[in-house]
Amino acid sequence: MYKNKRLKRSYVFAYVMSIFGLGVGALLSIKIHASLAIIVLILTLLSVAALITSHVYYKKDKRLYFIIGGIAICSYNVIALYGFILEIVYTALGKGATYAWIMNIFNLLSGIILAIFFLLDHYKKED
């Protein structure tokens, strides 16, 4: 199941950022309530699982690959945006953290790059 190099690199970057970055939203949610942190963590794991599942359909069914991959990338970006907004709120309250700022910025950039390469791969012309 060979993908083009751009898409392959962006997926690897998304996995790395998922491990280190998307958990920031769950960690920041602990200050609100523990159950919210568990929900965000489960949504993060489901997003990564959908991203992995989309790889299975890359060569088999392009339509299903686009649907599952699109859902995974959208949820990835929503969770990253949630963590970023939560960190902005905490910084405004005087409880900011440098690690969370750096990871959230990298998460947003990673999500945008992943979405761009995903759409470019989907709309490329087949030779």
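1. Let us start inside the fold, with L22. Leaving aside residues up to four places away in sequence, L22 touches M17, T44, Y76, I79, A80 and N107. Keep in mind as you look around that this is a predicted model.

2. Where does L22 sit? L22 belongs to the loop between helix 1 and helix 2. Is L22 buried or exposed? L22 counts as buried because its relative accessible area is 2%, and buried means under 20%. One more distance is worth a look here: L22 and L43 are 21 residues apart along the chain, and their C-alpha atoms are separated by 9.8 Å.

3. Now step back to the whole chain. How many helices and strands does the protein chain have? The secondary structure comes to five helices and zero strands, so the pattern read along the sequence is α-α-α-α-α. The C-alpha trace spans about 55 × 25 × 20 Å along its principal axes.

4. Next, the contacts and the burial across the chain. The protein chain has 127 residues, and 39% of them count as buried. If you take the contacts between residues at least 6 apart in sequence, 76% of them join residues at least 24 apart.

5. S29 is a good second stop. This serine lies in helix 2, which covers residues 23-29. Why does S29 count as buried? Its relative accessibility is 0%, and the cut-off for buried is under 20%. Which residues does S29 touch, not counting those up to four places away in sequence? They are L36, A37, V40, Y82 and L86.

6. Helix 5 is worth following too, and it runs over residues 98-123. Two of its residues can be taken together: L109 is placed in helix 5, and I112 is found in helix 5 as well. L109 has a relative accessibility of 45% and counts as partly exposed. I112 is also partly exposed, with a relative accessible area of 47%. Both labels follow because partly exposed covers the range between under 20% and over 50%.

7. The two helix 5 residues also give you some distances to check on screen. From L109 to L27 there are 82 residues along the chain, and the C-alpha atoms of the pair are separated by 20 Å. I112 and Y76 are 36 residues apart in sequence, with 9.9 Å between their C-alpha atoms.

8. Turn to the outside of the model. The accessible surface of the protein chain comes to about 7,600 Å². Of this surface, 76% belongs to carbon and sulfur atoms.

9. Which residues form a nonpolar patch on the surface? V12, V16, I19, F20 and Y99 do, and together they have about 520 Å² of accessible area. Helix 1, residues 5-20, gives the most to this patch, with four residues. One of the patch residues, V16, has its place in helix 1. V16 is partly exposed, with a relative accessible area of 37%; a patch residue needs over 30%, so V16 meets that cut-off.

10. Last, the charges. How many positive and negative side chains does the protein chain have? There are 13 positive and 5 negative ones. The centres of these two sets lie 5 Å apart.

Notes: Residues numbered from 1 in each chain as written. Predicted model: local features only at pLDDT ≥ 70, side-chain atom pairs only at ≥ 80, totals over all residues. Heavy atoms only, no water. Buried < 20%, exposed > 50% of the residue type's maximum accessible area, 1.4 Å probe, protein only. Contact = heavy atoms within 4.5 Å. Areas by Shrake-Rupley, 256 points an atom, 1.4 Å probe, with all protein chains shown as cover. Lys, Arg positive; Asp, Glu negative; His and termini not counted. Charge placed at Lys NZ, Arg CZ, Asp CG, Glu CD. Patch = residues over 30% accessible without salt bridge, like charges linked within 9 Å, V, L, I, M, F, W, Y side chains within 5 Å. Salt bridge = Lys/Arg side-chain N within 4 Å of Asp/Glu carboxyl O.
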